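Me: Please take a close look at one part of this model: the paired charged side chains and the segments that carry them. A connected account is preferred to a list.

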Amino acid sequence: MFSGKVGMLRCLPDLAGRLAAAGQMSDDSKLEQKAAGLDDLTPSEKSQINSLNKRYKDKFGFPFVICARENKKDAILKGLAQRLNNEKDQEIRIGVSEVKKICWLRLTSIVSTKSSL
């Protein structure tokens with residue numbers, strides 16, 4: 001029932017993860033994570049998000065997804081901790097919904113930039 005959706009979620013990078021640290025994310029992802037404050041984590045926050053990301057991925061089989069444009073680092077950390085209590089089906093639905101938000105915001109940004117040229 002969810003296999004295609006889970007496959008899509010598995011393709012996403014961890015928030016503030018190794019791809020971000022290596023500068024290997026898309027320009028959009030870099031800007032979104034920077035705006036959320038994820039590029040400026042304290043060592044304690046970095047340790048916390050790494051630990052929570054691992055627990056989340058171990059439990060659900062895909063990375064935690066949240067629309068960084070709509071959240072700041074404190075809300076992201078809190079959401080990650082809280083959502084660990086959810087069931088897998090619920091997290092699949094939430095993750096897909098968050099991907100839709102991300103796509104919508106990116107698309108409207110592209111369209112508004114193109115229309116102003």
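Reply: A salt bridge is taken here to be a side-chain nitrogen of Lys or Arg within 4 Å of a carboxyl oxygen of Asp or Glu. The model is predicted. By this criterion the structure holds 9 salt bridges.

Helix 4, which spans residues 43-60, is a convenient place to begin. Asp58 and Lys54 form a salt bridge through their side chains, with an N to O distance of 2.7 Å. Because the two residues are 4 positions apart in helix 4, about one helical turn separates Asp58 from Lys54. The geometric background is general: an α-helix has 3.6 residues a turn, so residues three or four places apart point the same way. Both partners, Asp58 and Lys54, are exposed.

Which side chain meets that of Glu45 in a salt bridge? The partner is Lys73, at 3.0 Å from N to O. Glu45 belongs to helix 4 and Lys73 to helix 5, so this pair ties together parts of the chain that are 28 residues apart in sequence. The environment of Glu45 can be stated as well: its relative accessible area is 14%, so Glu45 is buried, the limit being under 20%.

Lys73 leads on to helix 5, which covers residues 73-83. Lys73 is itself among the buried residues of this helix, together with Ile76, Leu77, Gly79, Leu80 and Arg83. When helix 5 is viewed down its axis, these buried residues fall within an arc of 165°, and therefore they line one face of the helix. Asp74 and Lys78 lie on the other side of helix 5 and are exposed.

Helix 6, residues 88-115, carries a further pair. Glu98 lies in this helix, and Lys101 forms a salt bridge with Glu98, the closest N and O atoms being 2.9 Å apart. As the partners are 3 residues apart in helix 6, about one helical turn separates Lys101 from Glu98. Are the two partners buried or exposed? Lys101 has a relative accessibility of 31% and so counts as partly exposed, while Glu98, at 9%, counts as buried. Salt bridges that share partners also join Glu32, Arg69 and Arg106 into one network.

The surroundings of Glu98 deserve attention. When residues up to four places away in sequence are not counted, Glu98 touches Val65, Ile66, Cys67 and Arg83. Arg83 has already appeared among the buried residues of helix 5. Cys67 is buried too, because its relative accessibility is 1%.

Cys67 raises the matter of disulfides, for which two cysteine sulfur atoms must lie within 2.5 Å of each other. How many disulfides does the rule give? The count is 0. For Cys67, the nearest cysteine sulfur is that of Cys103, 9.7 Å away, and Cys67 is in no disulfide. Cys103 is likewise in no disulfide, with the sulfur of Cys67 as its nearest cysteine sulfur. At 49% relative accessibility, Cys103 counts as partly exposed, whereas Cys67 is buried.

Helix 6 also contributes to a surface without salt bridges. Leu107 is found in this helix and, with Trp104 and Val111, forms a nonpolar patch on the surface. Together these three residues present about 330 Å² of accessible area. Leu107 has a relative accessibility of 45% and therefore counts as partly exposed.

For a sense of scale, one may return to Asn50 in helix 4. The relative accessible area of Asn50 is 35%, so this residue is partly exposed. Asn50 and Asp89 are separated by 39 residues in sequence and by 23 Å in space, taken from C-alpha to C-alpha.

One backbone detail remains, outside the helices discussed so far. Most residues other than glycine have a negative phi. Ala16, in contrast, has a positive phi near 55°. Ala16 sits in the loop between helix 1 (3-10) and helix 2 (18-21). Its relative accessibility is 3%, and for this reason Ala16 counts as buried.

In summary, the pairs examined differ in setting. Asp58 and Lys54 are both exposed and lie about one helical turn apart in helix 4. Lys73 and Glu45 connect helix 5 with helix 4. Lys101 and Glu98 are placed about one turn apart in helix 6, where Glu98 is buried and Lys101 is partly exposed.

Technical notes. Residues numbered from 1 in each chain as written. Predicted model: local features only at pLDDT ≥ 70, side-chain atom pairs only at ≥ 80, totals over all residues. Heavy atoms only, no water. Buried < 20%, exposed > 50% of the residue type's maximum accessible area, 1.4 Å probe, protein only. Arc of directions from axis to C-beta. Patch = residues over 30% accessible without salt bridge, like charges linked within 9 Å, V, L, I, M, F, W, Y side chains within 5 Å. Areas by Shrake-Rupley, 256 points an atom, 1.4 Å probe, with all protein chains shown as cover. Contact = heavy atoms within 4.5 Å.
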